[in-house]
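This report concerns the surroundings of a bound ligand and two selected residues. Please consult the sequence and the model shown below while reading.

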Amino acid sequence: EKGGYDYFMLKEIAEQPKAVADTLLGRIDITGRLTLDEVRIPGSVLREVDKIVIVACGTAFHAGMIAKYAIEHWTRIPCETELASEFRYRDPILGPRTLVVAISQSGETMDTLMALRHAREQGAKVLAICNTNGSTIPRESDAVLYTHAGPEVAVASTKAFLTQLVACYLVALYLGQVRGTKWGDEIDTVIRELSEISTQVGEVLGTMEPVRELARSLAQKNTVLFLGRHVGYPVALEGALKLKELAYMHAEGFAAGELKHGPIALIEDDMPVVVVVPSPRGRSVLHDKIVSNIQEIRARGARTIVIAEEGDETVAPYADHLIRIPATPTLLQPLVATVPLQVFACELATARGNEVDQPRNLAKSVTVE
Ligand code: M6R
């Protein structure tokens with residue numbers, strides 16, 4: 001049932017191009033427009049939404065953090081992403097024009113379920129993004145957009161995360177389309193590029209041997225830090241979470257801009273620091289700032305592991321290890337940038353002799369608060 005792989009996690013990482021393609025299937029028509037009729041929230045209701053709140057836990061929360069950038073950019077609707085376990089305890093402001101998006105692979109996570117119940121009690125509409133047909137979260141929501149990752153068995157979420165991102169982009173682009181925002185042209189272009197992305201995920205998977213080798217060489221380290229900016233920041237958090245749960249290592253993700261506000265003091269000689277570099281096209285200011293961050297940490301002894309777009313030559317002189325990913329629109333980069341981090345964590349866990357599919361102390365779905 002592991003399809004020839006040693007672990008479900010490896011199988012599920014390998015299935016990502018298909019999972020991404022399957023989640024797009026039937027949702028983009030031949031004219032390149034999104035058709036999300038299955039969501040069954042009328043356009044009239046979606047046009048009235050004045051606030052979006054995303055609730056989720058763990059990896060799904062990281063997908064939600066990325067979704068916030070996409071939703072605010074393409075729809076201009078204010079959006080916040082909150083840990084489901086924090087949400088209902090602070091008396092959040094919700095009403096009939098609030099759209100709450102609950103993201104969950106299993107559809108059974110108690111924290112997320114309680115958050116959505118609270119939202120509905122306050123009169124908000126809830127859209128679930130879920131991978132498990134007929135599970136509790138979609139059953140209790142007003143609408144659902146299913147991810148088509150197929151069953152995810154390994155405790156560490158991989159293909160579900162990529163498909164959650166795809167679903168979030170679809171929701172953001174659809175809202176942009178329905179509301180006719182000024183980004184119409186960009187939306188059309190991104191929808192086209194989204195159709196290419198599963199091939200690009202496959203390309204990344206084909207180049208992972210050096211990442212595995214690097215992971216094995218770091219098996220004795222105690223700490224790995226992850227840095228990113230913009231949508232690269234949640235990617236850094238996700239890279240760190242994977243490493244914690246699989247390799248049981250101290251791993252932390254930071255927004256690169258926060259370095260000088262404290263975390264840079266952590267840098268020690270030969271400490272591995274993974275940096276997710278945004279595209280030099282698009283938001284190039286961010287790119288240049290992160291290149292200075294790489295220089296700063298390297299000057300303090302960090303071993304820099306740099307994930308950068310193909311053709312981005314400016315980073316090469318400061319990268320002790322360079323991991324290339326295909327060029328994508330800025331907001332879509334997490335779909336390709338996360339893959340090396342999954343492979344990295346899986347290989348490190350193996351090298352440290354850990355149980356990859358069933359890490360200690362963890363369960364696949366957390367059905368208690
Ligand atoms: O089933 P859910 O998506 O609601 O699960 C949420 C988290 O428990 C889950 O993503 C967890 O963080 C994973 N083990 C991370 O790999």
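## Ligand environment and two buried residues

Helix α4 makes the greatest contribution to the shell around the ligand, supplying three residues. The model under discussion is a predicted one. Two helices, α4 (58-75) and α11 (232-247), each provide at least two residues of that shell. In total, 13 residues surround the ligand, and those that come nearest are Ser104, Gln105, Ser106, Thr109 and Glu245.

Several polar atoms of the protein lie at short range from ligand atoms, and three such pairs are tabulated here.

| Residue | Protein atom | Ligand atom | Distance |
|---|---|---|---|
| Ser104 | side-chain N or O | oxygen | 2.6 Å |
| Ser157 | polar backbone atom | oxygen | 2.8 Å |
| Val155 | backbone N or O | nitrogen | 3.0 Å |

In these pairs, Ser104 engages a ligand oxygen through its side chain, whereas Val155 faces a ligand nitrogen with a backbone atom. Ser157 likewise uses a polar backbone atom, here paired with an oxygen of the ligand. As for the extent of enclosure, the isolated ligand exposes 420 Å², of which the protein buries 90%. The space that the ligand takes up is the largest pocket.

Attention now turns to the first of the two residues. Thr163 belongs to helix α8, which spans residues 159-179. Is this residue, Thr163, buried or exposed? Its relative accessibility is 0%, and Thr163 therefore counts as buried, since the cut-off for a buried residue is under 20%. Leaving aside residues up to four places away in sequence, Thr163 is in contact with Ala19, Val20, Thr23, Thr147 and Ala149.

The second residue is Ser279, located in the loop that connects β8 (272-276) with α12 (284-299). With a relative accessible area of 4%, Ser279 is also buried, because this value falls below the same 20% limit. Which polar partners does the side chain of Ser279 have? One of them is the backbone nitrogen of Arg281, which lies 3.0 Å from a polar atom of the Ser279 side chain. Another is the side chain of Glu309, with which the side chain of Ser279 makes a polar contact at 3.1 Å. Glu309 also appears among the residues that Ser279 touches when those up to four places away in sequence are not counted, together with His287 and Gln333.

Key
Residues are numbered from 1 along each chain as its sequence is written. This is a predicted model: local features need pLDDT of at least 70, side-chain atom pairs count only at pLDDT 80 or more; totals for chains, interfaces and linings use all residues. Side-chain values use heavy atoms; hydrogens and water are left out. Helices (H or I, at least four residues) and strands (E, at least two) are DSSP runs, numbered from the N terminus. Buried means under 20% relative accessible area, exposed over 50%, partly exposed in between (1.4 Å probe, protein chains only). Contact means heavy atoms within 4.5 Å. A residue is near a molecule or strand if one of its heavy atoms lies within 4 Å of it. A polar contact is a pair of N or O atoms within 3.5 Å; within protein, one must be able to donate a hydrogen and the other to accept it, and residues adjacent in sequence count only if both atoms are side-chain atoms. Accessible areas come from the Shrake-Rupley method with a 1.4 Å probe; for residues, only the protein chains shown count as cover. On a 1 Å grid over the protein atoms alone, a cavity is a set of points where a 1.4 Å probe fits but cannot get out, and a pocket is an open set with protein on both sides within 12 Å along at least five of seven lines; lining residues have an atom within 4 Å of a point. A molecule sits in a cavity or pocket if more than half of its atoms lie within 2 Å of its grid points.
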